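Hi,

Here is the structure I promised to pass on to you. Have a look at it first, and then read on for my notes on what turned up.

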Amino acid sequence: MLDSGHPFDAIYLDFSKAFDTVPHQRLLNKLKAYGIVGDTYDCIRTFLTRRTHQVVVNSGLSSWLEVLSGIPQGSILGPILFILFINDLPDVVRSKAHVFADDTKVYRKVLTDQDYIELQADLTTLVKWSKKWQMKFNADKCKVLHLGHRNRKSVYKMCRVANKSSRKGPRSICR
């Protein structure tokens, strides 16, 4: 887009504690929807469920509690399960979207008011998606980057707060 001389806005999103907050039952439902069934599904379900944890503070010990969310890290399967969980995110927006681990980039050319409106609508859709799938965006890491000559530097809203003005670097868009 820059090479063709068009201004565009890129919005960088980051999930808060991404691997720790993936709800097991919702992930398992998505796996079934992808056609992962039988022994493979059972193996993954066993990998995720029936886990418990206990907290020790000084000499005090909590009760054992079942772990209902989070993908175990340090495994080969963990990142694959996370990608499968958020794999549909680019499908819910009309702008271009790229996902890399827990980082997401949504961008589009912004030549007209309609371009801005569509990118803003995509942000609203992403917030709805995040609520549906119980994945919060990390407010401190959500940024908008305005690029190109004659960029309108539109103000986007996400999580009910507009992006902050700053001449240095990307702007925060979510608080």
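**Salt bridges**

Let me start with Lys 30 and Asp 88, whose side chains form a salt bridge with an N to O distance of 2.7 Å. The two partners come from distant parts of the chain, 58 residues apart: Lys 30 belongs to helix α2 (residues 24-33), while Asp 88 sits in the loop between α4 (77-86) and β6 (96-100). Lys 30 is buried, since its relative accessible area is 6% and the cut-off for buried is under 20%. Please keep in mind throughout that this is a predicted model.

Searching the whole structure gives 5 salt bridges. Another of them pairs the side chains of Arg 45 and Asp 42, at 3.2 Å from N to O. Here both partners are in helix α3 (residues 38-48), 3 residues apart, or about one turn of the helix. Arg 45 is partly exposed at 26% relative accessibility, and Asp 42 is partly exposed at 31%.

Arg 152 and Asp 113 also meet through their side chains in a salt bridge, with 2.1 Å from N to O. Arg 152 is in the loop between β8 (143-147) and β9 (157-158) and Asp 113 is in helix α5 (residues 113-132), so this bridge ties together parts 39 residues apart in sequence. Arg 152 is partly exposed, with a relative accessibility of 36%.

Finally, a network of salt bridges links Arg 108, Glu 118 and Asp 122. Asp 122 is a residue of helix α5, and it is buried at 3% relative accessibility. Its side chain also makes a polar contact of 2.4 Å with the side chain of Ser 95. Setting aside neighbours within four places in sequence, Asp 122 is in contact with Val 93, Arg 94, Ser 95 and Arg 108.

**Two more aspartates**

Which side chain of opposite charge is nearest to Asp 102? The answer is Lys 141, 6.3 Å away; Asp 102 is buried yet has no salt bridge. A salt bridge needs the nitrogen and the carboxyl oxygen within 4 Å, so that pair does not qualify. You will find Asp 102 in the loop between β6 and β7 (103-109). Beyond four places in sequence, the contacts of Asp 102 are Leu 13, Asp 14, Phe 15, Ala 18 and Phe 82.

Asp 20 is in helix α1 (residues 18-21) and is partly exposed, with a relative accessible area of 44%. Its C-alpha atom is 6.6 Å from that of Ser 69, although the two residues are 49 residues apart along the chain. Leaving out neighbours within four places in sequence, Asp 20 is in contact with Ser 69, Gly 70 and Gln 73. With Gln 73 there is a side chain to side chain polar contact of 3.2 Å.

**The nonpolar core**

In soluble globular proteins, nonpolar side chains tend to be buried together. In this model, the largest nonpolar core has 35 residues, and those touching the most other members are Leu 13, Phe 15, Leu 27, Leu 31, Phe 82, Leu 126 and Met 135. At least two residues of this core come from each of β1, α1, α2, α3, α4 and α5. Helix α5 gives the largest share, 5 residues.

Phe 15 is worth a click in your viewer. Not counting residues up to four places away in sequence, Phe 15 touches Phe 82, Ile 86, Leu 89, Asp 102, Thr 104, Trp 129, Met 135, Lys 136, Phe 137 and Asn 138.

**Strands and the chain overall**

Strand β1 (residues 8-14) and β8 run antiparallel and are joined by 5 bridges. Within this pairing, Phe 8 stands opposite Leu 147 in β8. Side chains alternate along β8: one face takes Val 144 and His 146, which are buried, and the other takes Lys 143, Leu 145 and Leu 147, which are not.

As for the totals, the protein chain has 5 helices and 11 strands. Of its 175 residues, 38% are buried. Among the contacts with a separation of 6 or more, 68% are between residues 24 or more positions apart.

Happy browsing, and best wishes!

Key. Residues numbered from 1 in each chain as written. Predicted model: local features only at pLDDT ≥ 70, side-chain atom pairs only at ≥ 80, totals over all residues. Heavy atoms only, no water. Helix = DSSP H or I, 4+ residues; strand = E, 2+ residues; numbered from the N terminus. Buried < 20%, exposed > 50% of the residue type's maximum accessible area, 1.4 Å probe, protein only. Pairing = 2+ DSSP bridges. Contact = heavy atoms within 4.5 Å. Polar contact = N/O pair within 3.5 Å; in protein donor to acceptor, adjacent residues only side chain to side chain. Core = buried A, V, L, I, M, F, W, Y, C linked by side-chain atoms within 4.5 Å. Lys, Arg positive; Asp, Glu negative; His and termini not counted.
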